[in-house]
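Biologist: I'd like a close look at a single part of this model. Please pick the bit where the packing is easiest to follow, and tell me who touches whom.

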Amino acid sequence: MELRNCPECGRVFTFIKVNLCPACREQDEKDFEKVKKHLYDHPQIGVVELAEQTEVDESKIVRWIREGRIVGKNYTGLQVPCERCGRPIYEGRFCNECVHELTRGFTASIRKEQGEQKSKITFDNKAKFHTKKQLGLN
Ligand SMILES: [Zn+2]
Ligand SMILES: [Zn+2]
């Protein structure tokens, strides 16, 4: 038996697969059903409008999208920002390019420190990275 604090309300509960206390979990399910229904009637809606019209927390909707419970690809308006570059994505935490960047990241960042910045930018251009943003980050 594992005790945890509910991330929503802070109450202590017995953790069984879902990281929410029973009360919040029930609320979560209700909210999810409400959002799903609303999406059915408004498949083009965006996250903010969806949150406003269903009175469900925007952060909850974002969480469901990141968890893949709501598949944004089916609802073109539902996008969440990539946690690294802010580009809109349909699920998960990072866009494909950032996943790519992050996996090859370590050696690249060492090279950058060694002053090979120029060649890195050329490489990024070829890979169609957002150069301005890259420069801004450097
Ligand atoms: Zn709770
Ligand atoms: Zn990204």
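Modeller: Burial first, since I'll lean on it throughout: a residue is buried if 20 or more other C-beta atoms lie within 10 Å of its own, exposed if 12 or fewer, and partly exposed in between, with the C-beta atoms placed from the backbone. By that count H38 is partly exposed, because 16 other C-beta atoms lie within 10 Å.

Two bits of housekeeping. This is a predicted model, where local features need pLDDT of at least 70 and side-chain atom pairs count only at pLDDT 80 or more, while totals for chains, interfaces and linings use all residues. Residues are numbered from 1 along each chain as its sequence is written, and chains are lettered from A and ligands numbered from 1 in the order in which they are written.

Now the layout. The protein has 6 helices and 4 strands, where helices (H or I, at least four residues) and strands (E, at least two) are DSSP runs numbered from the N terminus. Read from the N terminus, their order is β-β-α-α-α-β-β-α-α-α. Of the 138 residues, 11% count as buried.

The part I'd zoom in on is the first three helices. H38 is a handy way in, as it lies in helix α1. Setting aside neighbours within four places in sequence, H38 is in contact with L50, Q53 and T54; contact here means that the C-beta atoms, placed from the backbone, lie within 7 Å. H38 and Q53 are 15 residues apart along the chain, and their C-alpha atoms are separated by 8.4 Å.

Zoom out a little and H38 turns out to belong to a helix-helix contact. Helix α1 (residues 22-41) packs on helix α2 (residues 47-54) at about 115 degrees, and their axes are 10 Å apart. The axes are lines fitted to C-alpha atoms, for helices over the stretch in contact, and angles run from 0 to 180 degrees between N-to-C directions. On one side of this contact are K34, V35 and H38 from α1, and on the other L50, Q53 and T54 from α2. Those residues split into 2 nonpolar, 3 polar and 1 charged. For that tally, Ala, Val, Leu, Ile, Met, Phe, Trp, Tyr, Cys and Pro are nonpolar, Asp, Glu, Lys and Arg are charged, and the others, Gly among them, are polar.

Follow the chain on from α2 and you get to E55, in the loop between α2 and α3. E55 is exposed, since it has 8 other C-beta atoms within 10 Å. Its phi is near 60 degrees, a positive value in a residue other than glycine. For background, most residues other than glycine have a negative phi.

Next comes helix α3 (residues 58-67), whose buried residues are I61, W64 and I65. They sit on the same side of α3, because they cover an arc of only 100 degrees around the axis, the arc being that of the directions from the helix axis to the C-beta atoms. S59 and E67, on the other side of α3, are exposed. The buried residues of α3 pack against α1, α2 and β3 (80-81). W64 has its own set of partners: beyond four places in sequence, it is in contact with F32, R69 and I70. Just after α3, G68 takes a positive phi of about 85 degrees.

Put those pieces together and you reach the largest nonpolar core, with 11 residues: V35, I45, V47, L50, V56, I61, W64, I65, I70, Y75 and L78. A nonpolar core is a set of buried Ala, Val, Leu, Ile, Met, Phe, Trp, Tyr and Cys residues joined through C-beta atoms within 7 Å. The elements that give two or more residues to this core are α2 and α3, and α3 gives the most, with 3 residues.

One last neighbour is G72, in the loop between α3 and β3. G72 is buried, because 20 other C-beta atoms lie within 10 Å. Leaving out neighbours within four places in sequence, its contacts are I65, L78, Q79, Y90 and E91. G72 also lies 9.9 Å from P43, C-alpha to C-alpha, with their positions 29 residues apart in sequence.

Terms used: Two residues are in contact if their C-beta atoms, placed from the backbone, lie within 7 Å.
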